[in-house]
Amino acid sequence: MSNKTIPVRIDAETYKGLKKLSKELKQPMQKVIQEAFLEYKKKVLLSKTAEAFAALKKNNELWQEEIEERQLWDNTLQDEIKKREK
């Protein structure tokens with residue numbers, strides 16, 4: 001990560017809460033913000049993934065293709081497990 005910083009405006013109430021959380025966690029405010037951002041980014045990604053799967057499930061033909069592909073992968077994985085057991 002770059003050492004360069006850029007000021008960001010937040011309202012006073014958010015700043016107050018951030019400062020309190022920073023003290024509770026014994027971490028700099030910048031680190032609290034970075035970690036919060038990464039968690040939010042993860043949440044957005046998972047939400048978009050869930051939306052994409054919901055859309056895929058609505059299309060019966062595409063969903064069937066997905067199921068078939070998963071079965072192929074399951075078989076491939078099972079083959080590898082069987083090899084190790086020998």
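Trainee: What makes the approach of the Ser22 side chain to the backbone nitrogen of Met29 a polar contact?

Mentor: The side chain of Ser22 comes to 3.4 Å from that nitrogen. A polar contact is a pair of N or O atoms within 3.5 Å; within protein, one must be able to donate a hydrogen and the other to accept it, and residues adjacent in sequence count only if both atoms are side-chain atoms. At 3.4 Å, the pair therefore meets the 3.5 Å limit. Before we go on, keep in mind that this is a predicted model: local features need pLDDT of at least 70, side-chain atom pairs count only at pLDDT 80 or more, and totals for chains, interfaces and linings use all residues. Residues are numbered from 1 along each chain as its sequence is written, and side-chain values use heavy atoms, leaving out hydrogens and water.

Trainee: Why does Ser22 count as buried?

Mentor: Its relative accessibility is 10%, and buried means under 20% relative accessible area, exposed over 50%, and partly exposed in between (1.4 Å probe, protein chains only). So Ser22 is on the buried side. Ser22 sits in helix 1 and touches Gln27, Pro28, Met29 and Val32, leaving aside residues up to four places away in sequence; contact here means heavy atoms within 4.5 Å.

Trainee: How many residues share that buried label across the chain, as a percentage?

Mentor: Buried residues account for 5% of the 86 in the protein chain. The chain's accessible surface is about 8,500 Å², with 57% belonging to carbon and sulfur atoms; such areas come from the Shrake-Rupley method with a 1.4 Å probe, and for residues only the protein chains shown count as cover.

Trainee: Which elements does the chain contain?

Mentor: It has 3 helices and 0 strands, in the order α-α-α from the N terminus. Helices (H or I, at least four residues) and strands (E, at least two) are DSSP runs, numbered from the N terminus.

Trainee: How do you know that the length of helix 1 agrees with its number of residues?

Mentor: The expected span is 1.5 Å times one less than the number of residues. For the 14 residues of helix 1 (residues 12-25) that should be 20 Å, and the end C-alpha atoms are 20 Å apart, so the two agree. At its N-terminal end, Asp11 acts as a cap, with a side-chain oxygen 3.1 Å from the backbone nitrogen of Glu13.

Trainee: What follows helix 1?

Mentor: Lys26, with a positive phi near 55°, in the loop between helix 1 and helix 2. Lys26 is not a glycine. Most residues other than glycine have a negative phi. With 77% relative accessibility, Lys26 counts as exposed.

Trainee: What makes Glu35 and Lys31 a salt bridge?

Mentor: Their closest N and O atoms are 3.7 Å apart, and a salt bridge is a side-chain nitrogen of Lys or Arg within 4 Å of a carboxyl oxygen of Asp or Glu. The pair therefore qualifies. Both residues lie in helix 2 (residues 29-58), 4 residues apart, about one turn of the helix. An α-helix has 3.6 residues a turn, so residues three or four places apart point the same way. Glu35 is partly exposed at 38%, as is Lys31 at 36%.

Trainee: How many salt bridges does this rule give?

Mentor: The count is 3. Another joins Lys42 to Glu39 at 3.2 Å; these are 3 residues apart in helix 2, about one helical turn. Arg70 and Glu66 also meet, at 2.9 Å from N to O, and lie 4 residues apart in helix 3 (residues 60-85).

Trainee: Why is Val8 called exposed?

Mentor: Val8 has 67% relative accessibility, so it counts as exposed. Val8 lies in the segment before helix 1 and forms a nonpolar surface patch with Ile10 and Tyr15, about 300 Å² of accessible area together. Patches are made of residues with over 30% relative accessible area and no salt bridge; like charges are joined within 9 Å, and nonpolar side chains (Val, Leu, Ile, Met, Phe, Trp, Tyr) within 5 Å.
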